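Me: I'm new to this one, and I'd like to learn how to read it. Could you walk me through it?

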2 protein chains.
Amino acid sequence: MLTTTNPRTGVSAATELKPTSLEGVDAAARRAAGAALELQSRGREFRAQLLDAMAASVENARERLVATADAETGLGAARLNGEVSRSAFQFSLFAEAVREGSFIEAMIDHAGDTPLGAAPDVRRMLVSIGPVAVFGSSNFPFAFSVLGGDTASAIAAGSPVVIKAHGSHLLTSQLSFDVLQAAADAVGAPPGTFGIVYGQDAGLALVKHPAIKAASFTGSLFAAESLQSAINTRPDPIPFFGELSSINPLVVTPGAVSARGAEIASGLFTSFTGSAGQLCTKPGIAFIPAGDEGQALVDEIAALTSDATPQVLLNSRIRSSFGEIEERLLAAGAAEVARGDDPVVDDAVADDAVAAGGASAAASGGFTVAPTLLETTAADFSAELAEECFGPLIVVARYSSLDEVREAFGRIPKSLTATLHVEDSEADVVAELSSTLEASAGRIVFNGYPTGVRVTWAQHHGGSWPSTNSQHTSVGVTAVRRFLRPLAWQNAPAAALPEELRDDYTAIPRRVDGTLVLPA
Amino acid sequence: MLTTTNPRTGVSAATELKPTSLEGVDAAARRAAGAALELQSRGREFRAQLLDAMAASVENARERLVATADAETGLGAARLNGEVSRSAFQFSLFAEAVREGSFIEAMIDHAGDTPLGAAPDVRRMLVSIGPVAVFGSSNFPFAFSVLGGDTASAIAAGSPVVIKAHGSHLLTSQLSFDVLQAAADAVGAPPGTFGIVYGQDAGLALVKHPAIKAASFTGSLFAAESLQSAINTRPDPIPFFGELSSINPLVVTPGAVSARGAEIASGLFTSFTGSAGQLCTKPGIAFIPAGDEGQALVDEIAALTSDATPQVLLNSRIRSSFGEIEERLLAAGAAEVARGDDPVVDDAVADDAVAAGGASAAASGGFTVAPTLLETTAADFSAELAEECFGPLIVVARYSSLDEVREAFGRIPKSLTATLHVEDSEADVVAELSSTLEASAGRIVFNGYPTGVRVTWAQHHGGSWPSTNSQHTSVGVTAVRRFLRPLAWQNAPAAALPEELRDDYTAIPRRVDGTLVLPA
């Protein structure tokens with residue numbers, strides 16, 4: 001039996017869920033393979049209708065989803081309601097993109113004479129890569145889990161999904177799967193369009209299954225390596241899209257400190273402590289000028305941090321890692337500047353927890369930690385200080401010159417984001433830092449905070465290793481490219497072509513003989 | 001010292017080239033890294049001009065290129081002139097695509113209220129991934145080597161290239177590199193835009209170098225595995241795009257045999273023996289109906305094969321593999337139906353060769369083989385019979401029903417292409433085979449031959465493992481996507497944006513607030 005744990009107390013309870021057997025994984029993967037051909041043959045409009053139904057089904061189950069997830073994640077109703085909205089929005093956005101149709105990259109080159117001689121008719125579009133294994137994340141029980149962007153983009157591509165539920169929110173995952181299945185039933189999707197498996201062994205078996213043609217994952221480098229190793233044992237390699245580890249450096253210029261230090265203190269505090277700092281885009285390092293104005297900014301962040309109440313982390317592993325990494329950062333030379341209230345043990349809850357067998361976590365009041373502000377200098381900044389700490393902790397690095405910042409960036413692993421707070425009057429600073437910022441991350445944020453990832457067409461939530469292992473985003477419409485493969489037809493009769501590649505089809509943007517043509 | 005070998009005689013000669021040292025590899029990779037930023041900053045028009053100069057430089061050197069390559073590959077002047085034209089055309093086509101600008105996927109989402117609340121301005125485009133290692137192939141000394149599509153698409157992306165010369169045509173590679181460098185000099189490209197290294201150890205060092213951000217390769221599964229293993233030792237994985245192994249099954253329907261058997265015999269013979277069968281798209285298996293009309297078609301192919309003169313293979317490894325695989329196919333149950341003339345030893349040449357130290361190859365008249373036709377039945381078709389044999393050999397499989405064909409396809413590795421010869425009156429056959437063909441390959445050819453890959457926008461030269469390890473093509477304009485990464489800017493001042501993402505830029509197709517907008 002699998003258990004569910006309340007992170008606020010550390011108390012675990014039995015569920016009716018069992019780890020999925022190897023036979024169960026095999027059955028889910030085979031059902032998905034069966035659904036793949038059928039989904040592809042039903043065409044784009046059916047997938048759009050399915051995505052619309054998924055959005056509606058999520059909204060229908062909002063209250064139960066939030067209540068279930070709150071008990072399993074401690075993220076709170078406000079944040080979880082926002083995440084439910086985001087999940088529903090993602091499904092709707094992908095429905096819109098599927099109808100718009102650009103993403104299949106339809107191209108037609110008619111037969112004709114070319115500088116290289118007579119050439120055949122060649123037509124190309126992107127089609128589903130086949131069934132996709134989706135690994136739910138710990139920190140987004142909806143938007144990066146069963147109901148998340150990977151599921152949305154796979155279905156948009158026409159790829160059935162088999163989801164591996166994250167162990168931190170099993171009941172949420174189970175309920176989420178029911179929500180998907182209700183949508184599938186509402187539109188009559190082929191059996192096997194959605195599948196779910198539970199347990200780490202099932203996840204490993206899933207990525208090794210011959211019917212699975214791609215995998216996507218949001219989580220730790222360590223877990224990703226385990227999945228990649230399993231994939232490497234396949235006779236046929238499959239693409240593995242991982243969103244992994246990110247430090248998200250942030251730089252505040254002298255001008256920005258001077259113009260709006262207090263505002264930045266408040267914004268930065270909110271950004272590194274929101275969702276208990278458990279966001280892949282949490283700013284982990286902030287470069288702040290040396291000197292009095294920079295000091296005032298640090299003092300304000302310190303005051304906010306000292307006043308902060310304890311925060312609940314998602315599970316015991318994240319809780320213990322937080323403590324270990326904090327110790328390593330201190331050992332590497334960071335100084336503790338401020339620390340919020342330490343967790344208070346509620347004796348009654350602790351007693352209940354001990355009685356229920358949740359002893360050690362409950363004795364510390366659940367998986368709670370104090371928000372923490374550490375400090376170093378850019379000159380002293382070492383690779384050891386650039387370790388990602390998942391939770392409400394930030395390292396401030398004080399700098400005396402932009403050269404120091406650039407050099408320190410050389411010791412920071414590539415990230416999903418890099419942020420610059422800068423004034424309009426400092427165009428020279430932007431020019432001096434642009435290439436450093438662009439090389440360091442997949443998204444450059446100006447005068448804002450990297451947390452809060454807009455779900456839209458132009459979004460890029462990705463970056464160089466180790467932030468991801470891919471050349472693609474996992475948020476926004478172009479995430480669909482991960483689950484597609486090109487297919488070309490040469491001199492094909494119209495009946496053998498998908499409708500989007502027939503001469504008389506004009507409902508989507510296409511490239512015809514090299515020229516992009518908008519819908520009629 | 002490295003040697004060059006004439007495959008027509010097997011005679012080797014010393015060159016002035018040495019294997020590139022580790023220091024030399026390091027220097028080339030560092031120069032490429034230096035060029036990367038500069039290339040990106042010069043923008044698209046500069047890259048287009050560079051590509052135009054590359055096309056012109058290739059044409060300028062045509063005679064020397066063909067003569068040098070003919071001596072090293074034995075492919076003959078006609079084929080090599082065509083390949084030079086193709087290389088030049090590829091550079092020009094990519095110049096055109098760079099100017100057209102769609103490939104950077106420029107997208108702008110303005111700030112505004114959304115169903116999820118106020119959202120920031122987000123803009124995205126694709127930028128160079130950084131320096132690319134390009135591995136030249138044995139069988140295309142121009143179009144898939146130093147002057148090939150990988151070089152063209154990398155430069156289009158703004159990525160400097162460091163090329164590993166193929167050992168079978170070192171002097172051609174050296175001359176080709178001079179051709180590239182002349183183009184770079186003509187337009188003042190940054191130093192390090194092009195680099196070249198020689199020797200297998202240099203190739204392995206290249207893909208392990210921190211400055212190299214992607215690698216592309218056309219060649220054998222075995223060599224690809226060696227490169228992938230080297231890449232796996234990197235702390236930061238990089239994408240590796242390999243075009244590897246392909247059987248290219250071809251099916252002839254009863255209607256097609258009946259309507260145009262003789263034409264198909266001639267076309268199929270030309271396709272499997274052209275370039276001595278050393279094409280990745282060579283049809284390796286042909287399904288031909290049982291019965292008299294099918295027999296007549298096989299007899300005609302057999303007659304053409306028996307009359308064929310010996311063909312020169314590219315190098316001794318390909319020559320010895322050809323013999324070994326032919327033996328394995330016979331051992332697996334294929335029957336020899338026809339065989340062309342065996343190579344004749346020219347005593348004078350052989351004497352010269354022995355004197356020059358090229359004894360064993362020269363004694364057999366160079367790396368020549370006889371074109372060969374083998375036969376089996378679809379019912380007996382085993383995985384062992386689906387081994388790729390690089391050279392002028394085809395296996396014919398006689399079938400009694402489409403079910404037999406579909407089942408046999410299940411034992412054929414996924415390929416770059418699958419071909420169907422079918423009559424208009426056989427729409428039912430197309431319907432019955434479509435999903436099998438589409439699952440088996442990246443390009444479906446109707447009533448033609450898979451050899452002869454049109455270089456155009458809609459081309460897809462790729463496919464599922466083991467034909468490639470990627471979701472991309474290596475021929476045609478979309479090959480450029482391999483060497484790009486997305487980059488997003490949030491709330492960026494106009495001065496910090498590439499010109500393509502500024503509000504007032506309208507020279508390329510862009511997606512603005514979700515709507516695709518053509519150039520003004």
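Reply: Sure. Let's begin with how helices and strands get their names: they are DSSP runs, numbered from the N terminus, with at least four residues for a helix and at least two for a strand. One thing to keep in mind throughout is that this is a predicted model.

Me: How many helices and strands are there in chain A?

Reply: Chain A has 14 helices and 23 strands.

Me: And how do I read the overall size of chain A? What does its radius of gyration agree with?

Reply: You compare the radius with what a compact globule of that length would have. For 520 residues that would be near 24 Å, and chain A comes out at 25 Å, so the two agree. If you look along the principal axes, the C-alpha trace of chain A spans about 75 × 60 × 40 Å.

Me: Now the interface. How many residues of chain B are in contact with chain A?

Reply: On the chain B side there are 67 residues in contact, and they meet 67 residues of chain A. About 5600 Å² is buried between the two chains, with carbon and sulfur atoms giving 60% of that. Arg454(B), Gln471(B) and Gln490(B) supply 14% of what chain B buries against chain A, more than any other three residues.

Me: What about polar contacts there, and which parts of chain B are involved in touching chain A?

Reply: Across the interface, 43 residue pairs are in polar contact, both partners having pLDDT 80 or more. Several elements of chain B each give at least two residues to the side that touches chain A, including α3 (77-100), α14 (427-440) and β20 (441-446). The largest share, seven residues, comes from β21(B). By type, that side of chain B divides into 37 nonpolar, 16 polar and 14 charged residues.

Me: How does β21(B) pair with strand β20 of chain A, parallel or antiparallel?

Reply: They run parallel, with three bridges joining β20 (residues 441-446) of chain A to β21(B). To find one of them, look at Arg443(A): its bridge partner in β21(B) is Ala488(B).

Me: How should I read salt bridges, and how many are there between chain B and chain A?

Reply: The general idea is that side chains of opposite charge can pair when their charged atoms come close. Between chain B and chain A the count is two. Glu100(A) forms a salt bridge with Arg511(B), where the closest N and O atoms are 3.2 Å apart. Over all chains, the structure holds 42 salt bridges.

Me: Which residue forms a salt bridge with Arg123(A)?

Reply: That's Asp503(A), with the closest N and O atoms 3.1 Å apart. The pair links distant parts of the chain, 380 residues apart: Arg123(A) sits in strand β6 (residues 122-128), while Asp503(A) is in the loop between β21 (484-490) and β22 (510-512) of chain A.

Me: Last one: what backbone features should I look for?

Reply: Most residues other than glycine have a negative phi, and most peptide bonds are trans. Here, the bond from Trp465(A) to Pro466(A) is cis, with omega near 5°, and Pro466(A) lies in the loop between β20 and β21 of chain A. In chain B, the bond from Trp465(B) to Pro466(B) is cis, with omega near 5°. For phi, go to Asn491(A): its value is near 55°, which is positive in a residue other than glycine. You'll find Asn491(A) in the loop between β21 and β22 of chain A.

How values were computed
Residues are numbered from 1 along each chain as its sequence is written. Chains are lettered from A and ligands numbered from 1 in the order in which they are written. This is a predicted model: local features need pLDDT of at least 70, side-chain atom pairs count only at pLDDT 80 or more; totals for chains, interfaces and linings use all residues. Side-chain values use heavy atoms; hydrogens and water are left out. Contact means heavy atoms within 4.5 Å. Buried area is the accessible area (1.4 Å probe) that two parts lose on being put together, summed over both. A salt bridge is a side-chain nitrogen of Lys or Arg within 4 Å of a carboxyl oxygen of Asp or Glu. A polar contact is a pair of N or O atoms within 3.5 Å; within protein, one must be able to donate a hydrogen and the other to accept it, and residues adjacent in sequence count only if both atoms are side-chain atoms. Ala, Val, Leu, Ile, Met, Phe, Trp, Tyr, Cys and Pro count as nonpolar, Asp, Glu, Lys and Arg as charged, and the others, Gly among them, as polar. Two strands pair if DSSP finds at least two bridges between them. The radius of gyration is taken over C-alpha atoms; the globule rule is 2.2 Å times the number of residues to the power 0.38.
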